[in-house]
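This report walks through a structure for a reader who is new to the subject. Please keep the sequence and the 3D view open while reading.

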Amino acid sequence: MMNAPTTTEQLKNATAAVGKQVPGILSQPGTRSVAVIGAGITGVTAAYALAKRGLQVTVFDRHRYPAMETSFANGGQLSASNAEVWNHPSNIVKGVKWMFSADAPLLFNMTPSWHKYSWIAEFMLAMRSYKENTVRSAEISIMARKNLLAWAEAEGIDFNHEKRGILHVYRTEKATVHARKVNSLLDRAGLDRREITPDEARQLEPTLHGDFQGAFYTPSDSTGDIHKFTVGLAAAAQKLGVRFEQDVDVRKLTAGNGIAVRYARDGAETTERFDQIVVAAGVGSRALGAQLGDRVNVYPVKGYSITVQLPDEAAQTAAPWMSFVDDDAKIVTSRLGADRFRVAGTAEFNGFNRDIRADRIRPLVEWCHKLFPNMPTEHVVPWAGLRPMMPDMMPHLKRGKAPGVHYHCGHGHLGWTMSAGTAELVAENVMQEVLA
Ligand SMILES: Cc1cc2nc3c(=O)[nH]c(=O)nc-3n(C[C@H](O)[C@H](O)[C@H](O)COP(=O)(O)OP(=O)(O)OC[C@H]3O[C@@H](n4cnc5c(N)ncnc54)[C@H](O)[C@@H]3O)c2cc1C
């Protein structure tokens with residue numbers, strides 16, 4: 001597979017190219033057609049970036065509306081400060097301990113599966129690239145945040161955006177020392193994540209309770225509702241001429257003289273041909289990639305969220321406005337407007353199982369009771385989603401073996417943060433092929 005442009009310089013160039021139409025492409029009768037599989041955040045950002053470049057884009061998704069799977073109710077954080085990849089020996093040690101604790105943030109189903117165990121083996125190997133991948137991940141996130149905010153402003157998308165920064169809190173000295181090391185990597189990427197005292201953290205968020213040993217604050221990070229944004233951007237893409245084929249199941253992709261997409265609606269199958277394709281199918285990307293002759297080792301890592309409803313003034317005052325990463329509990333939070341507070345966490349290795357388990361939801365509610373004891377949790381909406389995760393935790397932005405095939409998937413725990421940046425990289429890659 002050929003690599004997408006992935007240096008920071010290339011990312012900057014791609015970003016600068018947004019909105020610049022390629023002369024003649026839009027107006028030519030034979031405009032190049034691109035199929036995008038998936039209408040989550042990766043598919044919709046890719047469609048928008050491609051349409052901006054004058055390509056004729058069709059998005060396919062099996063749901064009736066955009067953003068109904070993993071891009072529905074995630075942690076809400078646009079967090080370059082959370083760019084540390086998970087391939088660190090300390091996480092392996094913690095992971096093994098957590099496997100024997102019922103309410104731990106990690107759940108690992110031991111049932112043998114080639115997909116799962118080959119993924120774990122590659123995850124271990126990727127520890128070699130821990131530092132460079134963390135820096136790279138932060139660089140992409142910083143660029144992506146800018147794009148996302150520019151698009152939201154240009155298209156008038158209201159997504160409960162809160163620009164208050166993100167607070168990381170740590171319960172032990174050991175975790176704080178590790179966080180300082182992470183800071184030196186984030187610093188290399190140009191991120192301002194500064195260490196503050198636990199007292200200063202409490203001043204930033206007066207509703208916070210609990211004993212902490214360390215805290216870090218990233219003023220440039222922010223939060224917002226991924227579902228609202230994705231739906232808003234899909235509407236903007238539609239205005240640019242993108243066609244959305246919702247409620248269809250993509251059954252077969254065939255490369256050769258363009259790409260044939262066979263899809264079914266209400267059981268009736270149709271095949272359409274396109275010049276190029278972008279596979280942005282979240283956890284479905286591995287199976288679709290295999291049809292095109294590519295190995296895309298995305299594994300579904302389940303996570304859970306609760307959305308605490310804040311119906312009255314008392315509840316709204318007791319809930320935090322500041323966004324948190326509690327690294328020990330592996331929990332992230334965001335305030336989505338006055339009346340909603342989102343708490344998300346857990347990494348569950350259990351295949352494509354999408355069940356919402358009460359025993360995984362309970363720790364999220366109890367976490368709220370401990371840190372924000374005055375916030376009522378009578379009305380809590382639970383949710384589970386599958387993070388499309390590559391073993392090295394880096395998004396898969398490569399070209400496929402066959403001409404015309406591109407990937408925009410595998411964004412793992414940072415898909416909301418990164419997609420508006422990586423979509424530009426993939427769109428540039430598609431354009432390079434068009435113009436070659
Ligand atoms: C609990 C949790 C908390 C998270 N918190 C954050 C956070 O705070 N910040 C952050 O940056 N990221 C976060 N993430 C990660 C982020 O939500 C994901 O990376 C992102 O939503 C993935 O988007 P996607 O487009 O790849 O996948 P999806 O949103 O799942 O979209 C893929 C789409 O492809 C479609 N599809 C697949 N196969 C087919 C087919 N054969 N035919 C038709 N359609 C198909 C599906 O229907 C789906 O709509 C979190 C994730 C979880 C689970």
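## The ligand and its surroundings

A polar backbone atom of glutamine 77 sits 2.8 Å from a nitrogen atom of the ligand. Such a pair is a polar contact, meaning two N or O atoms within 3.5 Å; within protein, one must be able to donate a hydrogen and the other to accept it, and residues adjacent in sequence count only if both atoms are side-chain atoms. Taken alone, the ligand exposes 1000 Å², and the protein buries 98% of that area. These accessible areas come from the Shrake-Rupley method with a 1.4 Å probe, and for residues only the protein chains shown count as cover.

The model is predicted: local features need pLDDT of at least 70, and side-chain atom pairs count only at pLDDT 80 or more, while totals for chains, interfaces and linings use all residues. Residues are numbered from 1 along each chain as its sequence is written, and side-chain values use heavy atoms, with hydrogens and water left out.

Two or more residues of the shell around the ligand come from each of these elements: helix H2 (41–52), strands S10 (249–255), S14 (299–309) and S18 (380–389), and helix H12. Helices (H or I, at least four residues) and strands (E, at least two) are DSSP runs, numbered from the N terminus. The residues around the ligand number 34, and those that come nearest are Thr42, Asp61, Ser71, Gly412 and Thr417. A residue counts as near when one of its heavy atoms lies within 4 Å of the molecule or strand in question.

Oxygen atoms of the ligand also have backbone partners. A polar backbone atom of threonine 70 is 3.2 Å from a ligand oxygen, and a backbone N or O atom of glycine 76 is 3.3 Å from a ligand oxygen.

## Two helices

Helix H12 covers residues 415–435. Its 21 residues should span 30 Å at 1.5 Å a residue, and the end C-alpha atoms are 29 Å apart, which agrees. The expected span is 1.5 Å times one less than the number of residues in the helix. H12 bends by about 35° at glycine 421, where the bend is the angle between axes fitted to the seven residues ending there and the seven starting there. Of the 21 residues of H12, 18 are buried, so the helix is largely enclosed by the rest of the structure. Buried means under 20% relative accessible area, exposed means over 50%, and partly exposed lies in between (1.4 Å probe, protein chains only).

Helix H5 has 26 residues and reaches 37 Å from its first C-alpha to its last, close to the 38 Å expected. Glycine 156 follows H5 and has a positive phi, near 65°.

## The loop after H5

Asparagine 160 is placed in the loop between helix H5 (130–155) and strand S5 (166–170). The side chains of asparagine 160 and arginine 340 are joined by a polar contact of 2.9 Å. Glutamate 162 lies in the loop between H5 and S5 as well. The C-alpha atoms of glutamate 162 and serine 323 are 161 residues apart along the chain but separated by 8.8 Å.

## Selected residues

The table lists the place and the relative accessibility of some residues.

| Residue | Place | Relative accessibility | Class |
|---|---|---|---|
| Asparagine 160 | loop between H5 and S5 | 15% | buried |
| Glutamate 162 | loop between H5 and S5 | 14% | buried |
| Glutamate 272 | strand S12 (268–274) | 19% | buried |
| Isoleucine 306 | strand S14 | 0% | buried |
| Lysine 330 | loop between S15 (323–326) and S16 (331–335) | 29% | partly exposed |
| Threonine 346 | strand S17 (340–349) | 8% | buried |

Lysine 330 has a positive phi of about 55° although it is not a glycine. Threonine 346, also a residue other than glycine, has a positive phi near 80°.

Isoleucine 306 and threonine 218 are 88 residues apart along the chain, and their C-alpha atoms are separated by 24 Å. Glutamate 272 and glycine 256 are 16 residues apart in sequence, with 13 Å from C-alpha to C-alpha.

## Cysteines

How many disulfides does the structure hold? The number is zero, where a disulfide is a pair of cysteine sulfur atoms within 2.5 Å. Cysteine 368 is buried at a relative accessible area of 0%, and cysteine 409 is buried at 1%.
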